[in-house]
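Trainee: Hi! I'm new to this one, so could you walk me through it?
Mentor: Happy to. Let's open it up and take it piece by piece.

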Amino acid sequence: MNLLHNPEFGDKLVTLMAAFVLVLQIAMVGQRSLVMNIRLFAAQSLLLGAIAGSIAWYNHAPHIFIAAGMTVLLKGILVPIVLERLVDRIDIHHEIAPIVNTPLSIIISGALTLVAYLVGESFYHPEAGAGSLGHNTLSVAISVFLIGFFMMINRRKALSQVLALLTLENGIFLAATCLTYGMPLIVELGVFFDVLVAVLVLGILMYRIRESFESMDVSKLRRLRG
Amino acid sequence: MTVLFTAGLIAYLAGAVAGIAGVRAPRRARIGAFSFALVGALLEIVAAIGALAQGGVTAWTLPSGVPLFSWAIRVNALSAYFNLTLGILAAAVSIYSFGYVRAMEGRRNIGVLGCFYNILLLSLTLVFVAGNAFFFLVAWEVMALAAWALVSFEHEKARTRRAGMLFLIMSHAGSGLLLVGFLILARASGSLDFATFHHAASALPAWQQGAVFLLFFLGFGVKAGVVPLHVWLPEAHPVSPSNISALMSGIVIKTGIYGMALVFFDFFDAPPAWAGILVLGAGVLSALLGVLYALMEHDLKRLLAYHSIENIGIILIGFGAAMVFRALGHPAMAGVALIAGLYHTLNHAIFKSLLFLGAGSVHYSTGTRNMEEMGGLIRPMPVTALCFLIGAVAISGLPPLNGFVSEWLTYQALLAGFGSTQTLTRVIFPIAGALLALTAALAAACFVKAFGISFLALPRSENAAQAHEAPLSMRLGMGFLAAGCVALGLGATWFLPVFDPITEQLIGVRASSALTAANGFAISAGAPHAGTVSTVGIAAMLVLLSALPALFWLVWGRAGRRATGPTWDCGLPGLTADNEYTATGFSKPFRMIFSALYRPRREIQAEYEVSPYYPTAIRFESEIEPSFEKRMYDPLRGWLYRMAGRMRSVQAGSIHAYLAYIFVALLALLLFGVRG
């Protein structure tokens, strides 16, 4: 009955949602459609906003609400809309062409999750009295980060790389929120600003790459080498 | 004093803004930038004099806005002395620039020149007062970049761009060495603050001491232009506008000397004896090779640039002797040697900038830097010629001007080394003294050439014949420095006490009272059986002796008969400028004596119609081999290119590869962190 005020339940809820974040991340690795990828990212961001909101609620840290709201607004709504319009405007193939094929990619993602748990375990010291919240979510956050990084390497198109970068950033946000119960607001704002600017700049850059190379394939940037 | 100092810095900043604001209004940019620079320089002079008079250390911190670092300013006797040198030069050069830069109006971007000129002055001031390693390196790099921008000012010429690039590359290599040196010291002392570096280097293990010494000596040696790290200097100094050359040779290379003084005497308690001998040896080598290469130059500004290398060598001889004396435990003699080095720093700054400004005036009115196209300039440009002559006498180390005093003190220090007990110094010091004497003699020969070929006899070209005197502001700037040469020569006994706070700060002795012990007009070297000299006395004798022929004429000659006849022309009718002694001809004996060094190559082609005894035209070409470039830098560059070529396979140019590098490094670090 008193679930709304039970911090233990809050921890479990957050851990569950974090697990879904990871599931969405791996789904993105497996999903070949670009538009679908963007929607998965939007869902992941919304989930992340919900995580931040729950942490704010159960730990009575109202300033995290601002971070949660901005996550939902920016990464859950604004950035996906911008990216989808970009896909329409520059009329690229709606298919992601990964370098490593999809089954192998998913296996690698699994391996990276293992590595992340290995790393995350080493930060877990229950005897020091740390909350259990950091335990699983940190590992999840590191997995999201590593898988995001792997996606960035694995994809040829600049747009899908931007998407990977954004999921990578989601991993960082998850780690920061879970471990510290919210960084100072100014840092959060800085990070959001960074993401926004990065998307804008990369959007412009993509036009340029397309103009110069008539393709979105960043492998062709190799031609720039002197 | 801190107020004056800060006001000076603000004036420089205002000058930079005035320059950049006036990019479209050259006249306003010129007057604004150089007026602010002049005001800033005068404020800094007053602040520096105040600091020297007050003594001790004044330190304060500007808010940095960057965590872990602070803009710590520390004004002590040494930095005040270098700031005084900078202020004097900056004032004179700024006055000179009003007229000099005016001729560029409409042709060049004066706003940019004025902006970087002020930034250079600002960063130089900060280099001398930076109180921690971080601030020092920031100021050092800003200085290098501003100097690069000014050197590359006439960037439409490929040669200028190449010189600027060479300067930038060598400067950065030097900064890299400095950075490592500072980091070693910072690890030992636990802070980046210069105050904690005091004698910190001597607490290190012996091999680290050696490493720190070499890193700083090479790092600062690049900026100072010590042979064999000098190759950028004769390229970069001549290609910039002459007011910039004056600053480059006068004070920018002295930042290397400042750094060495800081490291060798403040960071080290007493550096190892081999270090002193190394500095002494490098000094002798730089002095000798600098003057020998200068002798072969016909480009007036390149000649002066090589002389900068020579004079840096003379300064280092003083420093090296001071280090050896300290290592052997003769603080009083170390004081004399250190004063010699520091005094020569100021003197060289003044007479070298004077000479560069003189060369600039000549270039201004004849449009050439090649001495073979000058000649006879003393008639149209008497003031420039007189100023250049004063500078030439000073740099040749002739009494009674300032160059003589500091070189004499250097000799005295070297001779005093003969009296010390160690066999090694008993051998090395006299040899160094003899080579220094050779250097001074060659320098005198070189300036006989420079002055004689450029200013005397008949004009060698149309441009030289139509030369005109430089405008008033340029003459004022040169006159200011020429007066400085005379004052620092004649007033040496009154100036020497200025060094007391510096030597006390660096090596804990006050040496000037021993030097001025004789009486108010004479300097006597502090050692037993040392010499005594009076520049005032020499000057008085010079005046009297030159009055003597007039006296003879008054007594005996007035009644005599006067005969006027033509110059002996070997029977060829009509002497023209073609019959004059050329600079190449003048330096021929030296080219032959030192041919082992120069490896001269010459080519003579004679054209004739009837018989080779009646040539119609002779083409003569002569050049010397640039040994350091050919034997040291060319192989080094080739090796660098080869290594860079191998490194390129890593630089695949593929974003995926770069990302993969980062990813693998990240994973490896994470796993390493988990295991550890």
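Trainee: How far apart do the C-alpha centres of domain 2 and domain 3 of chain B lie?
Mentor: The C-alpha centres of those two domains of chain B are 50 Å apart. Keep in mind that this is a predicted model.

Trainee: And which residues belong to each domain of chain B?
Mentor: The domain assignment puts 1-202 + 226-259 in domain 1, 594-623 in domain 2 and 627-675 in domain 3.

Trainee: Switching to chain A, how many helices and strands are there?
Mentor: Chain A has 7 helices and 0 strands. Reading from the N terminus, its elements go α-α-α-α-α-α-α.

Trainee: What share of chain A is buried?
Mentor: Of its 226 residues, 40% count as buried. As for contacts in chain A between residues at least 6 apart in sequence, 75% of them join residues at least 24 apart.

Trainee: How do H4 of chain A and H27 of chain B pack?
Mentor: Helix H4 of chain A, residues 102-122, packs with helix H27 of chain B, residues 655-675, at an angle of about 40°, and their axes are 9 Å apart. That angle is why H4(A) counts as oblique to H27(B). The crossing of H4(A) past H27(B) is left-handed.

Trainee: Which residues meet there?
Mentor: From H4(A) you have A:Val115, A:Leu118, A:Val119 and A:Ser122, and they meet B:Leu667, B:Leu670 and B:Val674 of H27(B). Sorted by class, this contact has 6 nonpolar residues, 1 polar and no charged ones.

Trainee: Back within chain B, are H12 and H13 roughly parallel or antiparallel?
Mentor: Helix H12 (residues 273-295) and helix H13 (residues 300-328) of chain B pack at about 160°, with 7 Å between their axes. Angles over 145 degrees count as roughly antiparallel, so H12(B) and H13(B) are roughly antiparallel to each other. Their crossing is left-handed, and by class the contact has 25 nonpolar, 7 polar and 1 charged residues.

Trainee: Now H21 of chain B: which residues are buried in that helix?
Mentor: H21 of chain B covers residues 499-507, and its buried residues are B:Phe499, B:Pro501, B:Ile502, B:Thr503, B:Leu506 and B:Ile507.

Trainee: What do the buried residues of H21(B) pack against?
Mentor: They pack against several helices of chain B, including H2 (26-54), H3 (77-102), H11 (254-267) and H14 (331-366). H13 is also one of these partners.

Trainee: And what follows H21(B)?
Mentor: B:Gly508 comes after H21(B), and its phi is positive, near 75°.

Notes
Residues are numbered from 1 along each chain as its sequence is written. Chains are lettered from A and ligands numbered from 1 in the order in which they are written. This is a predicted model: local features need pLDDT of at least 70, side-chain atom pairs count only at pLDDT 80 or more; totals for chains, interfaces and linings use all residues. Domain bounds come from an automatic or database domain assignment. Axes are lines fitted to C-alpha atoms, for helices over the stretch in contact, and angles run from 0 to 180 degrees between N-to-C directions. Helices (H or I, at least four residues) and strands (E, at least two) are DSSP runs, numbered from the N terminus. Angles under 35 degrees count as roughly parallel, over 145 as roughly antiparallel, 65 to 115 as roughly perpendicular and the rest as oblique. A crossing is left-handed if the near helix is turned anticlockwise from the far one by less than a right angle, and right-handed if clockwise. Two residues are in contact if their C-beta atoms, placed from the backbone, lie within 7 Å. Ala, Val, Leu, Ile, Met, Phe, Trp, Tyr, Cys and Pro count as nonpolar, Asp, Glu, Lys and Arg as charged, and the others, Gly among them, as polar. A residue is buried if 20 or more other C-beta atoms lie within 10 Å of its own, exposed if 12 or fewer, and partly exposed in between; C-beta atoms are placed from the backbone.
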